[in-house]
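Colleague: I am new to this structure and would be grateful for a close look at a single part of it. Please start from one pocket and then describe the surroundings in a connected account.

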Amino acid sequence: MALAASDPCAINSLAETPGCSPVAGKVRWDAAHSLWNGGMMLGALILAPLTFSWGAVAVFVILTGGCLLLGHSVGFHRRLIHRSFECPLWLERILVWIGAVVGMSGPFWMIRTHDLRDWAQRQADCHDYLAHRRPMLIDAVWQMHCRLELDHPPAFDLGRIGQDRFYRFLERTWMLQQLPIAVALYLFGGWSFVIWGVCVRVTASVTGHWFVGHLAHRRGPQTWRVREAGVQAHDVPWAAIPTMGEAWHNNHHAFPGSARIGLYPGQSDWGFRFIQLLERLGLAWNVRTPETLEGRMGRLEAAR
């Protein structure tokens, strides 16, 4: 059955079905994502050195940081997936469009992939794919070029998001969303800007997302342990700034419904700072933090 909708830490899109299990399944090649990720990486490795300029590097840094902050961290993860704050629909759609521009996938795929992993890691055991349990090279191939087909998967209901025509459009065309950006970059700086602003940016975002996710489930500092969860999370402090606060993954497992992920002094969280800015402007409300997640402490224990 579905997790309680009133639970701010619930997995919002997933519904457990009789006999569903996160353990048994097969890893299969995902042609669409593999060709996309591989093509972008090939373009970056071959063409980036040939088109290098400091202007192109600046474009890469600004676009990568902006897309990860506004789109991936705030739009996809904290708003669309965890619903950790409310905002106007027009603003949500802008943030989600930027999330699609990051180049990992469309909004529906991102929600299902995240929520399946989130659900599986809360169980007593799950498939190695879902736990990032295999060696780094195998995990990299699995996560960026394959998909997991469970023998007995749960069901998904995306609700209002799944019925949104704009999000349906983004799900069908997320690869094509790079085209207007590529045209604009070409007009401003030629092929150098296109290669660094699209190929290098997408490759860095996809690879970095996998790499930090792999480390966050293997090693690093821990403050909390989630009771009964078979997979525990770790923080990756060096990645806090490039991930806009997402690298405090132990905190996130402890308080998944919180818009604030960097919880303690010195833990940078630009995603939450941006949400606070929206709140001051009257564009965000009902912002959840660990203090508002009643009863969550009962699921946690201090890490040893």
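What volume does the second largest pocket have?

Modeller: The model is a predicted one, and every value below should be read in that light. The second largest pocket has a volume of about 290 Å³. Its lining is made up of 15 residues, and those nearest the centre are Trp109, Arg112, Thr113, Leu116 and Leu148. Three elements each give two or more residues to this lining, namely α4 (107-121), α5 (128-131) and β3 (146-150). Of these, α4 gives the most, with five residues. Sorted by class, the lining holds nine nonpolar residues, five charged residues and one polar residue.

Helix α4 deserves a further look. Asp118 is found in this helix. With a relative accessible area of 14%, Asp118 is buried, because the limit for that class is under 20%. Leaving aside residues up to four places away in sequence, Asp118 touches Ile11 and His82.

The loop between α4 and α5 contains Gln123. The relative accessible area of Gln123 is 24%, so this residue is partly exposed. Its contacts, again not counting residues up to four places away in sequence, are Glu16, Pro22, Glu228, Ala229 and Gly230. Ala32, by comparison, is 91 residues from Gln123 in sequence and 29 Å from it in space, C-alpha to C-alpha.

The aromatic residues give a second view of how parts of the chain meet. The structure holds ten aromatic pairs. In one of them, formed by Trp36 and Trp174, the ring centres are 5.4 Å apart and the planes stand at 75°, so the pair is edge-to-face; the angle required for that description is over 60 degrees. This pair links distant parts of the chain, 138 residues apart. Trp36 belongs to helix α1 (residues 31-47), while Trp174 sits in the loop between α8 (165-173) and α9 (178-216). Both of these tryptophans are buried.

Another pair is formed by Phe211 and Trp238, whose ring centres are 6.1 Å apart and whose planes are at 45°, so this pair is tilted. Because Phe211 lies in helix α9 and Trp238 in the loop between β5 (224-226) and α10 (249-254), the pair ties together parts that are 27 residues apart in sequence. The relative accessibility of Phe211 is 28%, so Phe211 counts as partly exposed. Trp238, at 54%, counts as exposed. Ring pairs also link Phe52, Trp54, Phe60 and Trp196 into a cluster.

The cysteines complete the account. A search of the whole structure finds zero disulfides. Cys20 is in no disulfide, and the nearest cysteine sulfur, that of Cys126, is 13 Å away. Cys20 is buried, with a relative accessible area of 17%. For Cys87, the closest cysteine sulfur is that of Cys67, at 17 Å, which is too far for a bond, because a disulfide requires sulfur atoms within 2.5 Å. Cys87 also counts as buried, at 8% relative accessibility.

Notes:
Residues numbered from 1 in each chain as written. Predicted model: local features only at pLDDT ≥ 70, side-chain atom pairs only at ≥ 80, totals over all residues. Heavy atoms only, no water. 1 Å grid on protein atoms, 1.4 Å probe; cavity = no way out; pocket = protein on both sides within 12 Å on 5 of 7 lines; lining within 4 Å. Points joined across faces, edges and corners; volume = space filled by probe spheres on them. Helix = DSSP H or I, 4+ residues; strand = E, 2+ residues; numbered from the N terminus. Nonpolar A, V, L, I, M, F, W, Y, C, P; charged D, E, K, R; others polar. Phe/Tyr/Trp six-rings, centres within 6.5 Å; stacked < 30°, edge-to-face > 60°. Buried < 20%, exposed > 50% of the residue type's maximum accessible area, 1.4 Å probe, protein only. Contact = heavy atoms within 4.5 Å.
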